[in-house]
Amino acid sequence: MYTFLLSLKVDKVVQLYETMLTRHTSMVVGPTGGGKSVVINTLCQAQTRLGLVTKLYTLNPKACSVIELYGILDPVTRDWTDGLLSNIFREINKPTDKNERRYILFDGDVDALWVENMNSVMDDNKLLTLANGERIRLQKHCALLVEVGDLQYASPATVSRCGMVFVDPKNLGYKLYWERWVNVLSSEEDRQLLHKLFNKYVPSCILMILEGIVDGRQGEKLKAIVPQTNLNLVSQLCYMLDALLAIRTSGEAASEKDAKGG
């Protein structure tokens, strides 16, 4: 498998590690395509390989209602129904003798609707208070991670409680994705031809689509029904070429088989 080791991404992993040493809640912030998930997963895998087993519990807080997230107390019967987060939070904070770390990753937008209830966990109290009066303390082997595109709807009270790591997509770009894909191809002839065509057409097409720049002149930006990044466009190109190359390969194999049969 062809992989790249980027010093900038290694630096972001180190930054996240150092941030988590001082804060029990950390936010990895940056637009789509910057490599936020890679940074978080790399840190977890690195710690696991070094003997500190790290478990990641990922959930999207915007995929369910606040009741489904935190739980609900029936006003008539006083029966308590656990929510998704309250259940996970209780499970990971059970005492353990193992040398391990447990992280809850909130992969979704941050807004006051759900995150304000977490402020008491994010500050020095480290307490999650549920509607039934139960209080669950965040243990030393646990931490909270937030993966978010921006902090547009986050309150100052929430932001001030968290450590921050910003991941910029410009540091990654789309050319590394292309080079990784094209270098896996078995045919040297295919690699050279695709590299030549990519350098001739793709950069100028991306500038035209995303920035509205044609031949160095600024024009009107194209309107996309679904917002795209340059990495999205290049990855879609690679998927399309994968399909076309597979069709060509299967066609050549069938032709050789027919020739041998004849």
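## Strand pairing and helix packing in a predicted model

Strand β2 (residues 53-59) and strand β5 run parallel and are joined by seven bridges. The model is a predicted one, and this briefing follows the strands from β5 to β8 before turning to two helix contacts and to the residue H195. Strand β8 (residues 142-148) is largely enclosed by the rest of the structure, since seven of its seven residues are buried.

**Strand β5 and its partners**

- Within the pairing of β2 with β5, K55 is the residue that stands opposite R102 of β5.
- Strand β5, which spans residues 100-107, also pairs with β8, again in the parallel sense, and this pairing extends over six bridges.
- Two of the residue pairs that link to β8 can be named: Y103 has A143 as its bridge partner in β8, and D107 has E147 as its bridge partner there.
- Six of the eight residues of β5 are buried, so that the strand is mostly covered.

**Strand β8**

- Strand β1 (residues 25-29) pairs with β8 in the parallel sense, over five bridges, and V28 is found opposite E147 of β8.
- E147 therefore appears in two of the named pairs, as the residue opposite V28 and as the bridge partner of D107, and under the cut-off of 20% relative accessible area it counts as buried.
- In a regular strand the side chains alternate between the two faces of the sheet.
- Both faces of β8 are covered, with C142, L144, V146 and V148 buried on one side and A143, L145 and E147 buried on the other.

**Helices α1 and α2**

- Two packed helices are described by the angle between their axes and by the distance between those axes.
- Helix α1 (residues 7-22) packs against helix α2 (residues 36-49) at an angle of about 70°, and their axes are 9 Å apart.
- The two helices, α1 and α2, are therefore roughly perpendicular to each other, because an angle from 65 to 115 degrees is counted in that class.
- On the α1 side the contact is made by K9, K12, V13, L16, Y17 and M20, which meet V39, I40, T42, L43 and Q47 on the α2 side.
- Sorted by class, the residues in this contact of α1 with α2 are seven nonpolar, two polar and two charged.

**Helices α8 and α9**

- Helix α8 (residues 175-182) and helix α9 (residues 188-211) have axes that come within 10 Å of each other and cross at roughly 160°.
- As angles over 145 degrees count as roughly antiparallel, α8 and α9 are therefore roughly antiparallel to each other.
- The crossing in which α8 passes α9 is right-handed.
- W178, E179, W181 and V182 of α8 meet R191, L194, H195 and F198 of α9, and the residues of this contact divide into five nonpolar, one polar and two charged.

**Residue H195**

- H195 lies in helix α9 and, when residues up to four places away in sequence are not counted, touches W178, E179 and V182.
- With a relative accessible area of 27%, H195 is partly exposed, because this value falls between the limits of 20% for buried and 50% for exposed.
- H195 and N232 are separated by 37 residues in sequence, and their C-alpha atoms are 18 Å apart in space.

Technical notes. Residues are numbered from 1 along each chain as its sequence is written. This is a predicted model: local features need pLDDT of at least 70, side-chain atom pairs count only at pLDDT 80 or more; totals for chains, interfaces and linings use all residues. Side-chain values use heavy atoms; hydrogens and water are left out. Axes are lines fitted to C-alpha atoms, for helices over the stretch in contact, and angles run from 0 to 180 degrees between N-to-C directions. Helices (H or I, at least four residues) and strands (E, at least two) are DSSP runs, numbered from the N terminus. Angles under 35 degrees count as roughly parallel, over 145 as roughly antiparallel, 65 to 115 as roughly perpendicular and the rest as oblique. Contact means heavy atoms within 4.5 Å. Ala, Val, Leu, Ile, Met, Phe, Trp, Tyr, Cys and Pro count as nonpolar, Asp, Glu, Lys and Arg as charged, and the others, Gly among them, as polar. A crossing is left-handed if the near helix is turned anticlockwise from the far one by less than a right angle, and right-handed if clockwise. Buried means under 20% relative accessible area, exposed over 50%, partly exposed in between (1.4 Å probe, protein chains only). Two strands pair if DSSP finds at least two bridges between them.
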